[in-house]
Amino acid sequence: MYLSIGNDMAVREKSIIGIFDLDNTSTSKRTREFLAAAEGEGQVVPCDDLPKSFVVTAEYGMDRVYLTSLSSSTLEKRIK
């Protein structure tokens with residue numbers, strides 16, 4: 001199955017490592033370092049609007065961080 005994360009994008013549910021709320025997690029220094037490192041390595045896929053959450057995936061040996069304008073609770077409801 002696939003999870004629609006907005007902006008006409010979808011990710012495979014089996015490849016999702018985690019879904020994180022950007023406001024709550026960005027207060028952590030480690031999360032900011034992780035996002036900065038992922039951006040530096042070209043792993044971040046931006047969204048068109050103001051991002052509210054991010055989805056971390058790993059598939060085919062490639063890690064990706066998808067920024068999305070949907071809230072983490074909305075994405076969680078879509079998975080169930």
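Strands here are DSSP runs of at least two residues and helices are runs of at least four, both numbered from the N terminus. With that in hand, welcome to a short tour of this predicted model.

**Figure 1. The whole protein, with three helices and six strands.** Before zooming in, it helps to have the full fold in mind. Along the sequence, the elements come in the order β-β-β-α-α-β-β-β-α. The radius of gyration is 12 Å, close to the 12 Å that the globule rule gives for 80 residues, so the protein is as compact as a globular protein of that length. Along the principal axes, the C-alpha atoms fill a box of roughly 30 × 30 × 20 Å. Of the 80 residues, 34% are buried. Among contacts with a separation of 6 or more, 45% are between residues 24 or more positions apart. The accessible surface is about 5,400 Å², and carbon and sulfur atoms contribute 50% of that surface. As for charge, there are 10 positive and 12 negative side chains, and the centres of these two sets lie 5 Å apart.

**Figure 2. Asn7 and Asp8 in the loop between strands S1 and S2.** This close-up is one for readers who like backbone geometry. Strand S1 covers residues 2-6 and strand S2 covers 9-12, and Asn7 sits in the loop between these strands. Most residues other than glycine have a negative phi. Asn7 has a positive phi, near 55 degrees. For Asp8, phi is likewise positive and near 55 degrees. How exposed is each side of the pair? Asn7 is partly exposed, because its relative accessibility is 33%, whereas Asp8, at 84%, counts as exposed.

**Figure 3. Thr25, a buried residue of helix H1.** Helix H1 takes in residues 22-25, and Thr25 belongs to this helix. Is Thr25 buried or exposed? Its relative accessibility is 18%, and the cut-off for buried is under 20%, so Thr25 counts as buried. Which residues does Thr25 touch, leaving aside those up to four places away in sequence? They are Phe20, Thr31 and Phe54.

**Figure 4. Glu41 in the loop that follows helix H2.** Helix H2 spans residues 29-40 and strand S4 spans 44-45, with Glu41 in the loop between these two elements. Glu41 has a relative accessibility of 57% and therefore counts as exposed. Its side chain makes a polar contact of 3.2 Å with the side chain of Gln43. For a sense of distance, look across to Lys52: Glu41 and Lys52 are 11 residues apart in sequence, and their C-alpha atoms are 22 Å apart.

**Figure 5. Tyr60 in the loop between strands S5 and S6.** The flanking strands are S5, residues 53-59, and S6, residues 62-68. Tyr60 is exposed, at 69% relative accessible area. What does the side chain of Tyr60 contact here? A polar contact of 3.4 Å links the side chain of Tyr60 to that of Arg12. Arg12 itself falls within the range given for strand S2, residues 9-12. Lys14 makes a handy second landmark, 46 residues from Tyr60 along the chain, with 12 Å between the C-alpha atoms of the two residues.

**Figure 6. Thr74 in helix H3 and its polar contact with Ser71.** The tour ends in helix H3, residues 72-79, where Thr74 is found. At 29% relative accessibility, Thr74 counts as partly exposed. The side chains of Thr74 and Ser71 make a polar contact of 2.9 Å. Ile5 lies 69 residues away from Thr74 along the chain, yet the C-alpha atoms of the two are separated by 9.4 Å. Ile5 falls within the range of strand S1, residues 2-6, which brings us back to the strand preceding the loop of Asn7.

Note on methods
Residues are numbered from 1 along each chain as its sequence is written. This is a predicted model: local features need pLDDT of at least 70, side-chain atom pairs count only at pLDDT 80 or more; totals for chains, interfaces and linings use all residues. Side-chain values use heavy atoms; hydrogens and water are left out. Buried means under 20% relative accessible area, exposed over 50%, partly exposed in between (1.4 Å probe, protein chains only). A polar contact is a pair of N or O atoms within 3.5 Å; within protein, one must be able to donate a hydrogen and the other to accept it, and residues adjacent in sequence count only if both atoms are side-chain atoms. The radius of gyration is taken over C-alpha atoms; the globule rule is 2.2 Å times the number of residues to the power 0.38. Contact means heavy atoms within 4.5 Å. Accessible areas come from the Shrake-Rupley method with a 1.4 Å probe; for residues, only the protein chains shown count as cover. Lys and Arg count as positive and Asp and Glu as negative; His and the chain ends are not counted. The place of a charge is taken as NZ of Lys, CZ of Arg, CG of Asp or CD of Glu.
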